[in-house]
Amino acid sequence: MYSAVVVGAGVGGLAAAGALARAGWQVTLLERADRLRADPAALLLWPNALAALRSLGLGGGLGEISTEVPAGGIRRPDGQWLSRASATACAMVVHAEDLHDTLIAGLGQRIDIQTGIHIKTVHNRPGERPAVGDSRGNSWDADLIVAADGADSFIRSRLAPQSIAVSSGYAAWRAVIPWYRAPKLADDSMLIGETIGGGYRFQAASLGNRGSSGASSRGGIYWTATVAGAARPEAPATQLTLLRRWFAGWHAPIGDLLAATEPDDLSQQDGRQLRPIPHELAFPCGVGGFVLIGDAAHAMPHHLTQGAGLALEDAATLRAMVGSGGATLDAAIAAYSAHRRPRIAQVVRQTQRVGAILAPRGALLTRARERAFGALAPRVLDKAAGAVAEWSPPM
């Protein structure tokens, strides 16, 4: 029986830990926080994320916790449509806590879960088992160490020190307004599509149905906003005040949604990226070694809202490679790296293209360039989102 230590209990860490445990591995899950928890917002799951969940055996209850986000198009801040009936692949919106519950249920009863663990040492010597340790002198060794410890991954800093987490130039926020506080809209189609302009981006969707929990036990109106600039260090109340100022004057119902949002609803996303993306995502040691997944492997701007989706892809690919049979564990994790690296490079390219479209353009933009931007932006966004969403788990 192989053994694994998974460091980090985010989406990717939980998915990988559960997948390995269900495959018969002895798994230890180490989490820095004092307990396993999700943030109070929601997530967009594109077709690639849904395919990954199904391949991990976690797709059975998706219909009960998620709601389809209809493709409506792209608008300017004044409400004028740049494109209608966008061809972008359709996404599902799911409350982060509902997805978290699904992943926790998938862990089973055999995993050793330890919280409050701050990894401070990495043992990576040829011929010896890989291991990690904390500041209190505790250590954990296994055949495989899965680094799912986020953009600031301590493990990655030791294995791939050339990859540094830096500002992406954008900050992102998510929130779910519960139905009892959500504004009543004259037309539900007001939530369809997204709005972009001058380095700002806003999208909203219904999470379930008003008057009931709907498809989620935690229903409401979900919104997400992206703003050019660094992540904000202020308290959530101040961040919310800034968001209301930045989006003042944008078409309905954006102002109403921000007015109905409370500071405790707000979840700011880590606005950083890895430069460069690690050249390798697997590092042999002993019979197995270390692998990087999730933001530890490929933190990038949130333009394509693919953080959770890529982490789930990582977990599904890792499970497929180490469980395929006929290969040693070190060869299997090398195959994981070889399989994931081109995919990550593809997503990075598409993210950069979208970032160029969303970048602030200033007040001196000519009318001709405004018209060109209006025609180009939807095509670039649709092409990027569609290309990234087209993914199938390895056989």
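Contact here means heavy atoms within 4.5 Å. The model shown in these views is predicted.

**View 1. The whole protein chain, with 11 helices and 21 strands.**
The radius of gyration is 21 Å, close to the 21 Å that the globule rule gives for 395 residues, so the protein chain is as compact as a globular protein of that length. Along its principal axes, the C-alpha trace spans about 65 × 45 × 40 Å. Of the 395 residues, 55% are buried. Among contacts with a separation of 6 or more, 74% join residues 24 or more positions apart. The accessible surface amounts to about 16,700 Å², and carbon and sulfur atoms hold 51% of that area.

**View 2. Surroundings of Ile293, in the loop between β21 and α8.**
The loop follows β21 (288-292) and leads to α8 (295-298). Is Ile293 buried or exposed? Its relative accessible area is 0%, and because buried means under 20%, Ile293 counts as buried. Leaving out residues up to four places away in sequence, Ile293 touches Gly12, Gly13, Ala16, Val146, Ala147, Ala148, Asp314 and Tyr336. One of these contacts, Ala148, lies 145 residues from Ile293 along the chain, yet the C-alpha atoms of the two are separated by 5.3 Å.

**View 3. An open sheet of 6 strands with mixed pairing.**
The strands run in the order β8-β2-β1-β12-β21-β20. Which strands stand at the edges? They are β8 (112-115) and β20 (282-285). Each has a single partner strand, so one side of each is left without a neighbour in the sheet. From one strand to the next, the twist averages 15°.

**View 4. The pairing of β20 with β21, and the helix packed on the sheet.**
Strands of a sheet pair through backbone hydrogen bonds, either parallel or antiparallel. β20 and β21 pair in the antiparallel sense, over 4 bridges. Within this pairing, Pro284 stands opposite Gly289 in β21. Helix α10 (residues 329-358) packs on the sheet and touches β12 (144-147), β20 and β21. The direction of α10 makes about 20° with that of β21.

**View 5. Surroundings of Ser83 in strand β6.**
Strand β6 covers residues 81-84. Ser83 has a relative accessibility of 15%, which is under the 20% limit, so Ser83 counts as buried. Which residues is Ser83 in contact with, leaving aside neighbours within four places in sequence? They are Gly72, Gly73, Ile74 and Pro378.

How values were computed:
Residues are numbered from 1 along each chain as its sequence is written. This is a predicted model: local features need pLDDT of at least 70, side-chain atom pairs count only at pLDDT 80 or more; totals for chains, interfaces and linings use all residues. Side-chain values use heavy atoms; hydrogens and water are left out. Helices (H or I, at least four residues) and strands (E, at least two) are DSSP runs, numbered from the N terminus. Buried means under 20% relative accessible area, exposed over 50%, partly exposed in between (1.4 Å probe, protein chains only). Two strands pair if DSSP finds at least two bridges between them. Axes are lines fitted to C-alpha atoms, for helices over the stretch in contact, and angles run from 0 to 180 degrees between N-to-C directions. The radius of gyration is taken over C-alpha atoms; the globule rule is 2.2 Å times the number of residues to the power 0.38. Accessible areas come from the Shrake-Rupley method with a 1.4 Å probe; for residues, only the protein chains shown count as cover.
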